[in-house]
Amino acid sequence: MLTDTFGRVHSDLRISLTDHCNIRCFYCMPEAGAEYAPLRSQLTFEQILRFIAAAVPLGIDKIRLTGGEPLLRPKLPQLVEKLAGQQGIRDLALTTNAVLLANHAKPLFDAGLRRLNIHLDTLDRERFAQITRRDELPRVLAGIDAALDVGYPVIKLNAVAIKGLTEPDVISLVRYGRERNIEVRFIEFMPLDGRSLWSLDRVLTADDMIAMLAEEFGPLTAVPDADPRAPATEYQFADGSRVGFIASVSRPFCLNCNRLRLTSDGKLRYCLFAREETDICHLLDDEPGLQEAIRSTVRQKWAGHEINRPTFLPPERAMYSIGG
Ligand code: SAM
Ligand code: SF4
């Protein structure tokens, strides 16, 4: 088992398939001048599968494919098919901005994908363009419709919540989700923009949003954690529909963290905010060496991020380059 020095057992692996993206969310990526890893250093599907073959016997049983934008990766259904059939993986999910989902929803479903997390911060076309610097809301909404038509059993919406910007979206996104039986999860804005745009007073907190939602839809009750290690805290409305909050800043959940991250260029990280990472590229032909590198990365893991301390230093890589 991948147990760290605080007794946390790691079973969840986030794999970034690319650091490129087709939109430019300001809290994740610069508008211009993004620094990409050279394409030749991008892990191939075969290398990713070798990494997973080494990680599964150590206890990894949950995989999320992410990026950058994972749907930019050619032939993605081929990787999904292999992962969906991989023994020992009990949970496979994909996080996407849905710009390309209208064309990809069916091939990915046919390859065995059943869980989708779709990133959408606003239903307002102008604000979408302001946040993402691209006018792609119609394609995102078409992508969500396509995923609903294909019949994915689990679709969740991820919305980054930013004070002074996305307040009007809290109610409208939850209404949109409730009408479609999609759970919305609000993610507190984290310092991962790589350019120091973040500040504590720009974080729209879970408590702020719970108060806004209760006023509009009536009281919310906290749902007991089905999995205490999952990052989202869930609340339920009177009709049984749910909303989630990933309150990394106002209610850090590091003490329950069971996640590792593999960047698209083969660096293993024990935390989004880690300031060090393990290069595993040269170990892909050496399973025992690779397994030891995974174990030792887990052993290095700290108690948690220190966003709320004055000594906090954001990571050198921005979110698009780490993998969300
Ligand atoms: N492109 C895909 C997408 O947007 O879903 C996958 C990668 S993206 C980096 C993964 C998630 O990171 C997104 O759902 C977005 O909500 C979240 N994210 C990015 N930057 C963030 C930040 N600074 N604070 C909080 N969440 C962030
Ligand atoms: Fe692209 Fe996702 Fe980052 Fe937005 S959050 S820029 S969609 S990688």
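**Note on two ligand sites and two helix pairs**

1. Three strands frame the site of ligand 1. β5 (91-96), β7 (154-161) and β8 (183-188) each supply at least two residues of its shell. The model is predicted, and the points below should be read as such.

2. The shell around ligand 1 holds 19 residues. Tyr-27, Gly-68, Thr-95, His-119 and Met-190 are the closest of them. By class, the shell splits into 8 nonpolar, 9 polar and 2 charged residues.

3. Which residues have a polar backbone atom paired with a nitrogen atom of ligand 1? Gly-68 is one, at 3.0 Å. Met-190 is another, at 2.9 Å. A side chain also takes part: an N or O atom of Glu-69 lies 3.1 Å from a nitrogen atom of ligand 1. Gly-68 and Met-190 are also listed among the closest shell residues.

4. How much of the accessible area of ligand 1 does the protein cover? On its own, ligand 1 has 540 Å² of accessible area, and the protein covers 96% of that.

5. Ligand 2 has its own shell, made up of Cys-21, Ile-23, Cys-25, Cys-28, Gly-68, Asn-97 and His-119. The division here is 4 nonpolar and 3 polar residues, with no charged ones. The shell around ligand 1, by comparison, includes 2 charged residues.

6. Gly-68 and His-119 deserve a second look. Both surround ligand 2. Both are also among the closest residues to ligand 1. Gly-68 further offers ligand 1 the backbone pairing at 3.0 Å.

7. Now the helices. Helix α6 (residues 167-180) packs with helix α7 (residues 206-217), their axes 10 Å apart. The angle between α6 and α7 is about 55°, so α6 is oblique to α7. Their crossing is right-handed.

8. The other pair is helix α1 (residues 45-55) and helix α2 (residues 76-84). Are α1 and α2 roughly parallel or oblique? Their axes come within 11 Å and cross at roughly 20°. Angles under 35 degrees count as roughly parallel, so that label fits α1 and α2. The crossing of α1 and α2 is right-handed.

Technical notes. Residues are numbered from 1 along each chain as its sequence is written. Chains are lettered from A and ligands numbered from 1 in the order in which they are written. This is a predicted model: local features need pLDDT of at least 70, side-chain atom pairs count only at pLDDT 80 or more; totals for chains, interfaces and linings use all residues. Side-chain values use heavy atoms; hydrogens and water are left out. A residue is near a molecule or strand if one of its heavy atoms lies within 4 Å of it. A polar contact is a pair of N or O atoms within 3.5 Å; within protein, one must be able to donate a hydrogen and the other to accept it, and residues adjacent in sequence count only if both atoms are side-chain atoms. Accessible areas come from the Shrake-Rupley method with a 1.4 Å probe; for residues, only the protein chains shown count as cover. Helices (H or I, at least four residues) and strands (E, at least two) are DSSP runs, numbered from the N terminus. Ala, Val, Leu, Ile, Met, Phe, Trp, Tyr, Cys and Pro count as nonpolar, Asp, Glu, Lys and Arg as charged, and the others, Gly among them, as polar. Axes are lines fitted to C-alpha atoms, for helices over the stretch in contact, and angles run from 0 to 180 degrees between N-to-C directions. Angles under 35 degrees count as roughly parallel, over 145 as roughly antiparallel, 65 to 115 as roughly perpendicular and the rest as oblique. A crossing is left-handed if the near helix is turned anticlockwise from the far one by less than a right angle, and right-handed if clockwise.
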